[in-house]
Amino acid sequence: MIKIKDLTAEIDGKQILNGLNLEIGAGEVHAIMGPNGAGKSTLSYILSGREEYEVTGGSIEMNGENILEMSPEERAAAGVFLAFQYPVEIPGVQMSTFLKTALNSVRKARGEEELDALALLKLMKQKQKQIGVSDEMLKRAVNVGFSGGEKKRNEVLQMMMLEPKFAVLDETDSGLDIDALKVVSEGVNALRAEDRSFLVITHYQRLLDYIKPDVVHVLAKGKIVKTGGPELALDLEKNGYAQFEEKAA
Amino acid sequence: MSDISNARIEQQTIDQVNALDTYSAGFVTDIESDKAPKGLSEDIVRFISAKKNEPEWLLEYRLKAYRHWLKMPEPSWAKVDFPEIDYQDYYYYAAPKSSENAPETLDDVDPKLLETYEKLGIPLREQEILAGVKNPVAVDVVFDSVSVATTFKKKLKEKGVIFCSISDAIKDYPELVKKYMGSVVPYHDNKHACLNAAVFTDGSFVYIPEGVRCPMELSTYFRINEMNTGQFERTLIIADKGAYVSYLEGCTAPMRDENQLHAAVVELITHDDAEIKYSTVQNWYPGDENGKGGIYNFVTKRGLCEGKNSKISWTQVETGSAITWKYPSCILKGDGSQGEFYSVAITNNHQQADTGTKMVHIGKNTKSRIIAKGISAGHSDSTYRGQVKVLAGADNARNFTQCDSLLIGGTCGAHTVPYIDAKNPTATLEHEATTSKISDDQLFYCRQRGIGEEEALALIVNGFCREVMQNLPMEFAVEAQKLIGISLEGSVG
Ligand SMILES: Nc1ncnc2c1ncn2[C@@H]1O[C@H](COP(=O)(O)OP(=O)(O)OP(=O)(O)O)[C@@H](O)[C@H]1O
Ligand SMILES: [Mg+2]
């Protein structure tokens, strides 16, 4: 599904990724953990095509196709989704308008028929109920005045609407209370499917109790320094990242 | 222009005017020649007045204005830059040979423009308007210098509402026109308004009688079609005691390499407890990517809240024109009267806009509210210029002003020039201003969700303008939203 090979990347002349290798099979859930500033969000931005980051070497393939050549919106249409670590506020743009525009843009790019207002509303109602987002929130401007937890829920709602093939969740658990964590995890689990892969970035083993990963990676100083099963997360919780810091250096 | 052609035109004018005098009865057939000779002179003013079969008092008014205009300086305080206008290089009267073939001249329009209109849904709309059946909005269509159609006249008449071209009003309701025309914007107000008073050709007239709520939206659709033609329309709207009307104005013009002149005058009058809501979506041709061509939009719009507790609200979405010079204003004379100004001004490429408002508080307990959103892209320049004036007698006057500028890219400019002049210590004036850049984070967030770059920009800009867009009547809001997207095309990436 996703194949990242020897990826190096920089921003403003500063090298962040140093030969990162990662493969995620169809239907798999991988978790990435790692110290602050290791390059986790950088990886998520590069996967989704943020132009400020310059890829200086290596490749990223999705289902055999080189996605580095694609614009962010083309990637979205191809099924790449990023739940942002810091969701962005867009004043004056109603959540419902935003969702409608996004979904229909993606559908159009995929050669599917655009949904009319009624069909959209129905779909939205169904998904928002699942994730516990109120009608009132959909009337508000995108992320404006949302609490930290509401923002994260909203990211998952968008994911559920867009039904991506490959979703990157960048610290979606941060800022969620226990109940929200459960609801959000259920939302993610409901989307798990044979042809859909996830990359879950987190600092807390706790999330992985709800979203059971197939593989756990440690990312430090711009590369994957260790890969293991779910038990690796428990080990990290106990022993921290110090053991990897020298290795990566 | 060479002396020879000048001389020829003068001769033409003289011949035409002479012909008019000689064959005043044969006037109707004369309409076949559908343009006045190029240039501006007293004879041209007489020509226009004669063409329109006007009463003597109006010709006198025009001539007075023309003579005054000759002596007036060009307004120079606006932050716009353009070569001196050669007033002799324009036609001041152009009429389609008959109203039926007017829309057909769309065939002559540059295909690139038609494409734009197609995206806007305007060609269809225009036909609907001209057919006058489907559209629930009553429409007056002004094509170059003349009104070619006014719909729903009868239905409105039943309610006592008068909605017709200003030419018809001069014939049919001379008392009303005489009483109000020039009462809010005197002919000597400024050079552009003065020119308009001398050579205005058509426009709309609305009168809502006492206690009547106009049963439908009224609208005028202006179009400059002829080359080198100036459009000088004049609109006069009167809401008598307790009356209400919502009026919309839309404008388009074909792409021409020459700069076309548009100098309109709009006067609004509200009596006690009356309200006028005036909305504009201005989409005159802005010129090409390099700043060639486009409309000079020099407009004087002013409303007089004559009666107590009356209200005038201006909403404008300005996306077109090479140069916009426009300050829809309110004179709050009646005690407790209210003025509002909601504006979106978008400039791209080499467009220049200097727009804003003037709120003059005269009566007690008068209130005004100004929300201005300026968006600049490309090499364009946009200025908000506003004045809030509180006269000594305006106890407890209140104003709230908010000006927000949004910059797209690094080669455009945005300026805010607020003047405040308060002569009454009980006045409360609030002013807020922000300038921001379109954020890469916002654009990327949208694009990550599959929304293309230009659509993302349009979405964000529409969000930025939401407070203003909400004030537009529904049918216009959708069109205006699309227009915002179109006018910003090519400004990102
Ligand atoms: N625009 C930028 N200019 C310079 N350095 C940057 C820029 N963006 C990110 N960085 C740096 O790149 C490094 C990696 O950042 P990144 O956000 O990918 O870390 P992270 O692993 O997601 O950290 P966290 O766990 O705190 O979210 C950091 O040192 C950060 O300061
Ligand atoms: Mg991060």
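This report describes a predicted model, taking in turn its ligand site, its metal site, two sets of paired strands and two residues with unusual backbone angles.

## The surroundings of ligand 1

The shell around ligand 1 holds 16 residues, and among these I16(A), K40(A), S41(A), T42(A) and H203(A) come nearest. By character, the shell residues divide into five nonpolar, seven polar and four charged. Two elements of chain A, strand 2 (14-24) and helix 1 (40-48), each supply at least two residues of this shell, and helix 1 of chain A gives the most, with three residues.

Several polar side chains come within reach of the ligand's own nitrogen and oxygen atoms. In the side chain of H203(A), an N or O atom is 2.9 Å from an oxygen atom of ligand 1, while the corresponding separation for E171(A), again to an oxygen atom of ligand 1, is 3.3 Å. For D12(A), a polar side-chain atom lies 3.4 Å from a nitrogen atom of the ligand. Taken on its own, ligand 1 has 650 Å² of accessible area, of which the protein covers 67%.

## The magnesium ion

Ligand 2 is a magnesium ion, and its protein donors are the OG atom of S41(A) and the OE1 atom of Q85(A), which lie 2.0 to 2.1 Å from the ion. These two residues are 44 residues apart and link distant parts of the chain, since S41(A) belongs to helix 1 of chain A, whereas Q85(A) sits in the loop between strand 6 (80-83) and strand 7 (90-94) of chain A. Q85(A) counts as buried because its relative accessibility is 16%, which is under the 20% cut-off. S41(A) also appears in the ligand shell described above, where it is one of the residues that come nearest to ligand 1.

## An antiparallel sheet in chain A

In chain A, four strands form an open sheet in the order 2-1-4-5, with antiparallel pairing. Strand 2 and strand 5 (65-66) of chain A are the edge strands, each of them pairing on one side only. Strand 2 of chain A thus has a place in the account of the sheet as well as in that of the shell around ligand 1.

Within the sheet, strand 1 (residues 2-11) and strand 4 (residues 54-62) of chain A run antiparallel and are joined by seven bridges. One of the pairings across these strands sets E10(A) against E54(A), its bridge partner in strand 4.

## A covered strand in chain B

Strand 14 (residues 329-332) of chain B is covered on both faces, with S329(B) and I331(B) buried on one side and C330(B) and L332(B) buried on the other. Strand 14 runs parallel to strand 11 of chain B, and four bridges join the two; R302(B) has S329(B) as its bridge partner. Strand 14 also pairs in the parallel sense with strand 16 (residues 352-361) of chain B, over four bridges, and there L332(B) stands opposite H361(B).

## Two residues with positive phi

Most residues other than glycine have a negative phi. What is the sign of phi in E171(A)? The value is positive, near 50°, and the residue lies in the loop between strand 9 (166-170) and helix 7 (178-191) of chain A. Because its relative accessibility is 8%, E171(A) counts as buried.

N309(B) likewise has a positive phi near 50°, and is found in the loop between strand 11 (294-305) and strand 12 (311-318) of chain B. At 43% relative accessibility, N309(B) counts as partly exposed.

Methods. Residues are numbered from 1 along each chain as its sequence is written. Chains are lettered from A and ligands numbered from 1 in the order in which they are written. This is a predicted model: local features need pLDDT of at least 70, side-chain atom pairs count only at pLDDT 80 or more; totals for chains, interfaces and linings use all residues. Side-chain values use heavy atoms; hydrogens and water are left out. Buried means under 20% relative accessible area, exposed over 50%, partly exposed in between (1.4 Å probe, protein chains only). A residue is near a molecule or strand if one of its heavy atoms lies within 4 Å of it. A polar contact is a pair of N or O atoms within 3.5 Å; within protein, one must be able to donate a hydrogen and the other to accept it, and residues adjacent in sequence count only if both atoms are side-chain atoms. Accessible areas come from the Shrake-Rupley method with a 1.4 Å probe; for residues, only the protein chains shown count as cover. Ala, Val, Leu, Ile, Met, Phe, Trp, Tyr, Cys and Pro count as nonpolar, Asp, Glu, Lys and Arg as charged, and the others, Gly among them, as polar. Donors are N, O and S atoms within 2.8 Å of the metal (3.2 Å for Na, K and Ca); water is not among the atoms, so sites may look incomplete. Two strands pair if DSSP finds at least two bridges between them.
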